[in-house]
Amino acid sequence: MNIVVCIKQVPDTWSERTLKASDNTLDRDAADAVINETDEFAVEEGLRLAEAHGGEVTIFSMGPERATEAIRKALSMGADKAVHLVDDGLAGTDALGTSAAIAAVLAQIGFDLVILGAESTDARTGVLAAMLAERLGVPQLTLASKVQIDGSAITIHRLMDYGYDTVEATLPAVLSVVEKINEPRYPSFKGIMAAKKKPVQTLTLADIGVDPGAVGLAGAATEVQTWAKRPPKQAGTIVTDDGDGGAKAAEFLAERKFI
Amino acid sequence: MAEILVLAEHDGESVKKVTLELLTAARQFGDPAVVWTGPGVEAARSRLAEFGAAKVYAAESADYDEYVAAPKAELLAELVHRVSPAAVLIPGAAEGREVGGRLAVKIGSGILTDVVGLGDDLVADQVNFGGAINVTSRVRSGVPIIAVRPNAIAAEPAAAPGAAVIEPVAAEISEAARAARITGRVVQERGERPELTEASIVVSGGRGVGSGENMALIERLADSLGAAVGASRAVTDAGWYPHQFQVGQTGKTVSPQLYVAVGISGAIQHRAGMQTSKTIMVVNKDPEAPIFELADFGVVGDLFKVVPQLVEEIEKRTS
């Protein structure tokens with residue numbers, strides 16, 4: 001089975017994240033860059049499926065030069081090789097353009113199963129997997145908390161607000177996974193050393209035949225007009241419990257008409 | 001006036017609150033036209049009218065609930081081509097966003113997700129990075145597709161009810177849209193509690209709660225307030241409470257009228273999911289916990305003493 005796992009390098013959610021004043025896009029230098037958290041579950045699921053059913057795991061990432069750090073991390077977990085779409089013309093691309101570029105790469109490199117994390121912690125749009133399924137004309141198996149493959153049949157538990165749905169389809173397909181689907185492995189020392197020698201193919205927009213006008217900040221179908229840091233919240237009333245903390249809290253709720 | 005398409009979220013009997021919120025937002029930009037999939041439109045009609053629906057496109061095939069996202073996107077694309085709406089408003093929870101994403105590809109339009117407000121010319125308010133930054137955005141090509149966060153816009157009945165004329169749509173669901181079939185549904189009990197993302201009050205428990213059994217205390221407080229129960233990541237990671245109740249960066253984003261954080265320290269990860277709540281109350285034994293920075297009212301104390309007393313007081317006042 002040919003498995004492609006899409007990963008994204010994002011600013012660490014533990015650091016302070018901001019936008020750039022010049023063009024209202026993500027300030028990638030302001031925060032530490034890490035592999036998107038949910039994507040680690042996607043990599044792990046890809047590795048497990050390849051271990052169980054045979055096949056190869058290719059890591060794919062679209063992003064600046066620096067995204068190689070995230071790619072190496074995924075390779076050190078045990079993936080076989082990687083493809084990196086890197087082009088200055090991609091800076092500022094929105095979800096629609098991103099899906100066009102990634103779909104072009106996937107169509108070119110081929111796949112039986114594409115796996116993504118359910119959403120990135122920076123943009124949090126949560127639409128990419130659905131967009132890829134639409135563009136590639138393959139089943140959309142999203143928000144999976146469990147995956148089972150039997151030959152070309154694939155079944156998932158799709159995590160919903162009320163519980164979950166069981167969803168069935170036939171490969172090839174696009175799969176997105178939620179946290180908790182597995183426990184991502186830590187790269188071993190051996191894995192880290194091996195990752196340095198694994199092949200990483202770089203592609204540009206020209207290589208995949210995507211019109212530069214359809215991507216980048218200028219090609220984006222959406223734009224950020226203004227942004228501002230959220231003003232700090234006005235200090236509230238803090239009381240220390242002297243045996244009447246619960247009563248005081250109830251009083252506050254009554255004042256605000258919640259009870 | 002141009003139509004504004006509003007994709008309805010419903011459970012086959014009643015309309016979800018987010019649908020009414022979308023109608024409220026839609027009214028200021030044109031004639032709201034609800035897009036209803038599956039059964040139940042007759043029963044919902046008066047409610048849709050009350051919130052200003054001029055028209056209701058009803059595609060009543062039960063097949064819309066049998067396949068993931070694609071059939072709804074197909075229906076919306078067909079309606080966009082037919083009626084050239086000024087915008088398409090979509091419920092911002094998981095499936096809505098997916099439908100919106102597929103629609104964006106189909107009609108080549110921009111999509112904005114997690115929108116918390118809409119101003120003139122459909123300029124959208126969004127909060128980024130878990131509420132650290134307020135952003136205004138707009139769609140600049142195609143018919144704007146706008147996925148609105150549940151509970152962000154207050155639903156208000158229209159000054160004059162809409163006609164809510166039901167127009168049946170006999171849309172054909174293509175083979176391609178039937179690729180991912182829903183073959184089973186497991187509904188986990190949440191009792192009488194409201195849904196987490198729709199609730200006007202949310203009570204969440206964190207690491208300080210200490211065990212799965214102790215989450216019963218959080219549930220008691222929630223029930224006394226008619227609230228939904230949430231949990232921090234520490235709690236769901238430890239298996240003390242089911243994953244779908246996780247509030248935070250990698251869980252649900254909520255913005256209720258009141259958020260009560262119990263035994264939650266307030267790591268960035270958690271704040272990302274709740275800091276746009278209108279009023280925040282905190283109970284935590286550590287006065288240095290960062291969650292207190294967000295608190296309108298905070299109690300520094302042992303939650304096992306404070307919460308039972310709070311429940312008792314609430315019950316006294318509400319009985």
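Start with the boundary between the two chains of this predicted model: select the 78 residues of chain B that are in contact with 67 residues of chain A. Next, colour the elements that give two or more residues to this side of chain B: helix 4 (94-107), strand 5 (111-118), strand 7 (133-139), strand 10 (181-187), helix 7 (268-271), strand 14 (279-284), strand 15 (297-300) and helix 8 (303-318). Pick out helix 8 of chain B, which supplies the largest share of the side that touches chain A, 10 residues. Colouring by class splits this side of chain B into 37 nonpolar, 25 polar and 16 charged residues.

Stay at the boundary and select strand 13 (residues 237-240) of chain A together with strand 15 of chain B. The two strands run parallel and are joined by 4 bridges. To find the register, centre on A:I238; the residue opposite, in strand 15 of chain B, is B:G298.

Now move to helix 2 (residues 41-50) of chain B. Show the side chains of B:V41, B:A44, B:L48 and B:A49, which are buried. Turn the view to look down the axis of helix 2 of chain B: the buried residues fall within an arc of 145 degrees, so they line one face of the helix. To see what that face meets, add strand 2 (31-37), strand 3 (55-59) and strand 9 (165-168) of chain B; the buried residues of helix 2 pack against these strands.

Finish by following the chain beyond helix 2 of chain B to B:G52. The phi of B:G52 is positive, near 95 degrees.

Methods:
Residues numbered from 1 in each chain as written. Chains lettered and ligands numbered in written order. Predicted model: local features only at pLDDT ≥ 70, side-chain atom pairs only at ≥ 80, totals over all residues. Contact = placed C-beta atoms within 7 Å. Nonpolar A, V, L, I, M, F, W, Y, C, P; charged D, E, K, R; others polar. Pairing = 2+ DSSP bridges. Buried ≥ 20, exposed ≤ 12 C-beta atoms within 10 Å, placed from the backbone. Arc of directions from axis to C-beta.
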